[in-house]
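Visitor: I like to know what stands behind each label before I use it. Could you walk me through this one?

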Amino acid sequence: MNNNELKERLELLEKAGMDRRHFLKLMGMTGMLTVAGTSQIKAFSSNAKGKIVIIGGGAAGISMAARLMNWLDEPDVTLIDPSELQYYQPGFTLIASGVYQPEDVYKKQEACIPSGVKWIKDSVAAVDPVKNEIRTQTNGVVAYDFLVLTPGLQINWNLVEGMTHETLGQGNAHCIYDFEGAKRTWAALQEFGEKGGRGIFTDTYTKHKCGGAPKKICLLTEHYTRQQNTRDKVKLDYFTAAHELYDVKYYTTRLEEIYKERNVSITLNYRVKGIDTSAKKVFFNKVEKVEKEVKDEQTGKLTKVEEKIVTPYTEDYDFLHFTPPMSAPDFVRDSGLGWTEGKLAAEAWVMVDKETLIHKTYNNIVSLGDVAGIPTSKTSAAVRMQVPLAAKNLISLMEGKEPVEKYDGYAACPIITEYGKVLLCEFDYDKNPKPSVPFNFMDMSQEQWLAWVLKVYILKPMYFYGMLNGYA
Ligand SMILES: Cc1cc2nc3c(=O)[nH]c(=O)nc-3n(C[C@H](O)[C@H](O)[C@H](O)COP(=O)(O)OP(=O)(O)OC[C@H]3O[C@@H](n4cnc5c(N)ncnc54)[C@H](O)[C@@H]3O)c2cc1C
């Protein structure tokens, strides 16, 4: 089946309205049935009782609501979320590169919330995990027996000096981690592709959702300028805050080769400090860690300590794609639900057990998705795997049993390397490749056209019709 046939059939299915039968038909048609099977957890039912409140109705919150409604005989589920719309955020990259139209990536939230779930359209201001109470912005206090904490993450625009959410796009400084930002990026990218100049692309030093997104927009920009025959007018540079381009070795080799083949430079250990949008300058700190030996005055013993060397740098740009630092939402930190020590403490990611996804202090709270403090990538592919086992573990808690389901850290990041090709990175906590799609006849350490078909045509309906309905 070629791209166009697939697209036409998908459009027909969308028009017909997608239910479970249509969804399974679509998956079968594209050979994706194995993708739809997220775990060994079979459908079951439980008569466990208790009031469940879900904070945040994005990828994780709605999928959890769907599973709980399916598996509990008498579900009592309340969702708190202020959003009118449900966004398929992986589509933001495709808006920014002209593949999707903006209206392709959202649906009304009320159409996504499973029937029977009570929706409080509000924002959470605080949680009191000792009293089992939630304070909302305008609807007062909501009590719970069990809490599902899935508010996603907070983008800290203010940590990039000279930039705010409102000024995003000014001075040709863009960011696709925002719906409006993705739209502006596409307009700017087309202009840049015509005029040429210097394009700078950056990531950030905190954990951020879809670590591949800054690389995708960089490589798509490169390919776009080739398609426009303006590649020779453009210089492209990628600055990463990390000490390597990608941390899953199986895929890194090819990714580095691609950057080299395309003549896009990679600079390591650079963090964006600020942007001067009127002068089109981006300010970096180069942060290097060196080991030093320190002598104890009394014992004379030498011990090794790590020292940070920070060197400021400034670069001029014509087109900039930057990634702001990200963290757990403030209310998570303020409510004492985040890690207080270790690598995940600075951004207050929720302190959960990395296998059961149950809070380490409060065992009536499960947390998953971007907000969870676990050492894996923050992607909706990861969420899809987390949901069934988090729901099962929550039900075990409600039944007074030990939770037994264990998450292995599976996450996936389809890195679009050009229009028509994707390097489909799938891995676990140990950063070992963990392919879940039925593409084992291909070398998945290389970019593939079929992975592009999956990314552009399959994953979006799988999100809206499969995952959010508890089928995938
Ligand atoms: C540009 C971009 C590209 C991406 N590409 C990919 C990709 O290719 N593949 C992939 O798998 N993933 C990708 N992702 C990541 C993916 O979208 C996220 O990992 C996923 O959406 C996380 O789900 P979540 O439910 O944790 O958070 P979200 O989906 O962000 O949902 C959070 C919800 O919580 C609500 N909320 C927030 N604060 C509060 C509050 N105080 N009170 C109540 N509700 C609140 C919000 O309104 C929202 O509905 C990408 C993301 C972006 C931005």
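**Labels and their cut-offs**

Guide: Gladly! H8 is largely enclosed by the rest of the structure, because 12 of its 15 residues are buried. This is a predicted model, where local features need pLDDT of at least 70, side-chain atom pairs count only at pLDDT 80 or more, and totals for chains, interfaces and linings use all residues. Residues are numbered from 1 along each chain as its sequence is written.

Visitor: What makes a residue of H8 buried?

Guide: A residue is buried if 20 or more other C-beta atoms lie within 10 Å of its own, exposed if 12 or fewer, and partly exposed in between, with C-beta atoms placed from the backbone. In H8, Ile217, Leu220 and Tyr224 are among those that pass.

Visitor: How do you know that H8 has the span expected of a helix?

Guide: The expected span is 1.5 Å times one less than the number of residues. H8 (residues 213-227) has 15 residues and reaches 21 Å from its first C-alpha to its last, close to the 21 Å expected. Helices (H or I, at least four residues) and strands (E, at least two) are DSSP runs, numbered from the N terminus.

Visitor: Why are E21 and E22 called paired?

Guide: Pairing takes at least two bridges found by DSSP between two strands. E21 and E22 (residues 421-427) have seven, in the antiparallel sense, so the label applies. Alanine 411 stands opposite phenylalanine 427 in E22.

Visitor: Why is E21 called largely enclosed?

Guide: Seven of the eight residues of E21 (residues 411-418) are buried, so the rest of the structure largely encloses this strand.
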